[in-house]
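Work through the exercises below with the structure in view. Try each task before you read its solution.

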Amino acid sequence: MEPGAKDLKNAVRITADDLQAGDRVDVRGLKANDNPNTLAARSVVLMSGRSLQQAHQAQAAEWQHSTAGVVTSVDGAGGKLSATVKTAEGAKPVAIETSGQTESLDTLRKIRRYQRGSQLTQIQVGDQCV
């Protein structure tokens, strides 16, 4: 399955030959009766180490284009957020608008601390943002 997948709907069936060092696996099964250090696998869910590395590199690249700051005000009804951000010249105020979409932070992808589907009103003064 691909990194970030929340279910196995798009998972692809593999064989043992597809496993490589560095892959992340979730093995489910029963301990073998004759050897307590052996597991009789009923299922193996694999995330390719190569896919994980690519996902981590993409995420790191996204973070390189961000600016860290501290929230100074939140207007959930108006869909606005203010923060003081760190710049080379020092701390500066910045205003962020969500284009009137206050229902979800999915439109504010630059706020990483909150999970998708979080509400803008959950952000509080003093929270860190990027």
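**Exercise 1. Find how many residues of β1 are buried.**

Step 1. Take the cut-offs: buried means under 20% relative accessible area, exposed over 50%, and partly exposed in between, with a 1.4 Å probe and protein chains only.
Step 2. Count along β1. Zero of its eight residues are buried, and the strand is hardly covered.
Step 3. Set this beside the whole protein, where 20% of the 130 residues count as buried.

The model is predicted: local features need pLDDT of at least 70, side-chain atom pairs count only at pLDDT 80 or more, and totals for chains, interfaces and linings use all residues. Residues are numbered from 1 along each chain as its sequence is written, and side-chain values use heavy atoms, with hydrogens and water left out.

**Exercise 2. Identify the partner of β1.**

Step 1. Strands pair if DSSP finds at least two bridges between them.
Step 2. β1 pairs with β2 in the antiparallel sense, over eight bridges.
Step 3. Pick out one bridge: L30 has A40 in β2 as its partner.

**Exercise 3. Locate the nonpolar surface patch and the strands that feed it.**

Step 1. Apply the rule for patches: residues have over 30% relative accessible area and no salt bridge, with like charges joined within 9 Å and nonpolar side chains (Val, Leu, Ile, Met, Phe, Trp, Tyr) within 5 Å. A salt bridge puts a side-chain nitrogen of Lys or Arg within 4 Å of a carboxyl oxygen of Asp or Glu.
Step 2. List the members: I14, L19, V25, V27, L39 and V44 make a patch of about 430 Å². Areas come from the Shrake-Rupley method with a 1.4 Å probe; for residues, only the protein chains shown count as cover.
Step 3. Assign them. β1 (24–31) and β2 (39–47) each give two or more residues to the patch.
Step 4. Check one member. L39 lies in β2. Its relative accessibility is 41%, so L39 counts as partly exposed.

**Exercise 4. Put the strands of the open sheet in order and find its edges.**

Step 1. Read the whole chain: β-β-α-β-β-β-β. Helices (H or I, at least four residues) and strands (E, at least two) are DSSP runs, numbered from the N terminus.
Step 2. Order the sheet. Its four strands run β5-β4-β3-β6, with antiparallel pairing.
Step 3. Name the edges. β5 (90–97) and β6 (128–129) each have a single partner strand, so one side of each lacks a neighbour in the sheet.
Step 4. Inspect the β6 end. Two bridges join β6 to β3 (residues 69–75). There, G69 stands opposite C129.
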